[in-house]
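Trainee: I should like to take a close look at one part of this protein, beginning with the chain as a whole and then moving to a single site in its interior. Please guide me through it in one connected account.

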Amino acid sequence: MADSGRSSVLVHILVIALCLTAFGFAIAAERRRSTGSIVTDNSNTTYCIYDSDIATGYGVGAFLFLLSGQSLLMCVTKCMCFGRPLAPGGSRAWSIIYFASSWVTFAVAESCLIAGATKNAYHTKYRDMVYAGNWTCQSLRKGVFIAGAVFVVFTMILDVYFYMYYTKATSQAVKNISKTNPSVGMTGYA
């Protein structure tokens, strides 16, 4: 971290790159969701056959990239609890607000991504052939991975602002602590 009050460009680039990669994987997972088709065999039995399971891998990849980005930022800032103190003021207030908001959007994004991957895997891996009556083959609901992708973008934006205000607040605290002028004079009474 820079002591001049500016946040590290490398941290910003890495967090943005990891989040954009997670976003790309989430979009790819939505586009490659597994779909089922009803097949009737020679014995007049109707069942569902699902296509490839690539969306599960994309969803897990998006989950891991977003987790890596959030973990990197929390390691750099020491989760805002164990690092340098934050100076009172607007930068501290905004860093706390962005910190809490980024964790909320992170939790929602991760929930959407892992739920989509799990549900997609359930249909393709664990239910290879589902014997069906007069109903259609179940598949992952459209938009689960898109919701995860939207919250990945929100998390990325909030992480960038959190880190920016966090570095401002820590550098202001260092400036305030380094003052050596006493505020109360200590003269002796004789």
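Trainee: Of the contacts in the protein chain with a separation of 6 or more, what percentage do residues 24 or more positions apart account for? From there, please take me to Ser95 and describe what touches it.

Mentor: The share is 84%: that part of the contacts with a separation of 6 or more joins residues 24 or more positions apart. Please keep in mind that this is a predicted model. The chain holds four helices and three strands, and from the N terminus on the elements run α-β-β-α-α-β-α. Of its 190 residues, 37% count as buried. The chain exposes about 10,900 Å², with carbon and sulfur atoms supplying 63% of that area.

The UniProt record, an unreviewed entry, annotates residues 9-29, 55-76, 96-117 and 144-166 as "transmembrane region". In the model, the span 55-76 is 100% helix, and its end C-alpha atoms lie 32 Å apart. For the span 144-166 the end C-alpha atoms also lie 32 Å apart, and this span too is 100% helix.

We now come to Ser95, whose place is in helix α3, residues 90-124. Ser95 counts as buried because its relative accessible area is 0%, and the cut-off for buried is under 20%. Leaving aside residues up to four places away in sequence, Ser95 touches Met80, Leu86, Phe162, Tyr165 and Tyr166.

Phe162 deserves attention in turn. With the same sequence neighbours left out, Phe162 touches Ser95, and also Leu73, Met74, Thr77, Met80, Tyr98 and Phe99. Met80 is thus found in the contact list of Ser95 and in that of Phe162.

Both Met80 and Phe162 belong to the largest nonpolar core, which has 28 residues; they are among those with the most contacts inside it, together with Cys19, Leu66, Leu73, Leu113 and Val152. The elements that give two or more residues to this core are α1 (9-31), α2, α3 and α4 (144-177). Helix α4 provides the largest share, ten residues.

A contrast to Ser95 is offered by Lys78, which lies in the loop between α2 (54-76) and α3. Lys78 is partly exposed, since its relative accessible area of 45% falls between the 20% and 50% limits. The backbone of Lys78 is also worth inspecting: its phi is near 55 degrees, a positive value in a residue other than glycine.

Technical notes: Residues numbered from 1 in each chain as written. Predicted model: local features only at pLDDT ≥ 70, side-chain atom pairs only at ≥ 80, totals over all residues. Heavy atoms only, no water. Buried < 20%, exposed > 50% of the residue type's maximum accessible area, 1.4 Å probe, protein only. Contact = heavy atoms within 4.5 Å. Areas by Shrake-Rupley, 256 points an atom, 1.4 Å probe, with all protein chains shown as cover. UniProt positions renumbered as here; feature names shortened; annotations may be inferred. Core = buried A, V, L, I, M, F, W, Y, C linked by side-chain atoms within 4.5 Å.
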